[in-house]
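Hi,

Here's the structure I promised to pass on. Have a look, and my notes follow below.

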Amino acid sequence: RPEKILGWGLAVDVSAVWGQMDTDFLRLSVKDLGPSVRLSQLLGTDRTINTDTVSFDADGYIQFAPAINGQYANRKASVRIKPEVRLDAGWQQRPGQRWLGSLVKHGARQEAALVYQQALAGYRLDVGVHALANMPGSLSLGLFAPRWGVSWRGDRMSPGKARIWGLAGHFAY
């Protein structure tokens, strides 16, 4: 918690859903709509660069003074969060089997995903493919129970060679 309030902002999330989220649906959502956040007490640095820093001492040795001098000052700034636009769709093929698709645009992130869900006896298996702009495609696998779950996503099995790799645990308590 900062000692001073740094600024104020407002963000709005908007979503429209057609259908039922647990069967067939179409959802369009936009997150982080709103004006810029204005920060009135942001600590900044004023810098001066001096390239003439060479001097000589009494014995003739070269001495270098600092090339960059600076001081701290309070500044005002404005930060704009880029909104996330998302289109999601779900189709229940038969009870316990669903297909989910999504398109996401958030700044430089542009992603398309297709996930197949199979539910049986309280457990659910998710298998998905993901395509990102300027990144390799990736696969995702997830196993979920009523109170826990584990999921993996990656473009390679080895985390040392992958550009996209994640392992997550999910717990409901």
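The main thing is an open sheet of nine strands, paired antiparallel in the order β2-β3-β8-β9-β10-β11-β12-β13-β14. Its edge strands, each pairing on one side only, are β2 (12–19) and β14 (165–171). On average, neighbouring strands of this sheet are turned by 15° against each other, direction ignored. Strands here are DSSP E runs of at least two residues, numbered from the N terminus, and two of them pair if DSSP finds at least two bridges between them. The angles use axes fitted to C-alpha atoms and run from 0 to 180 degrees between N-to-C directions.

Before the details: this is a predicted model, with local features needing pLDDT of at least 70 and side-chain atom pairs pLDDT 80 or more, while totals for chains, interfaces and linings use all residues. Residues are numbered from 1 along each chain as its sequence is written, and side-chain values use heavy atoms, without hydrogens and water.

Within the sheet, 10 bridges join β9 (97–106) to the antiparallel β10 (109–120), and H106 stands opposite R109 in β10.

S140 sits in β12 (138–144) and is buried at 14% relative accessible area (buried is under 20%, exposed over 50%, partly exposed in between; 1.4 Å probe, protein chains only). Its side chain makes a polar contact with that of H130 at 2.9 Å (N or O atoms within 3.5 Å, one able to donate a hydrogen and the other to accept it; residues adjacent in sequence count only if both atoms are side-chain atoms).

D32 in β3 (25–33) has a positive phi of about 65° and is partly exposed at 27%.

Cheers

Conventions: Helices (H or I, at least four residues) and strands (E, at least two) are DSSP runs, numbered from the N terminus.
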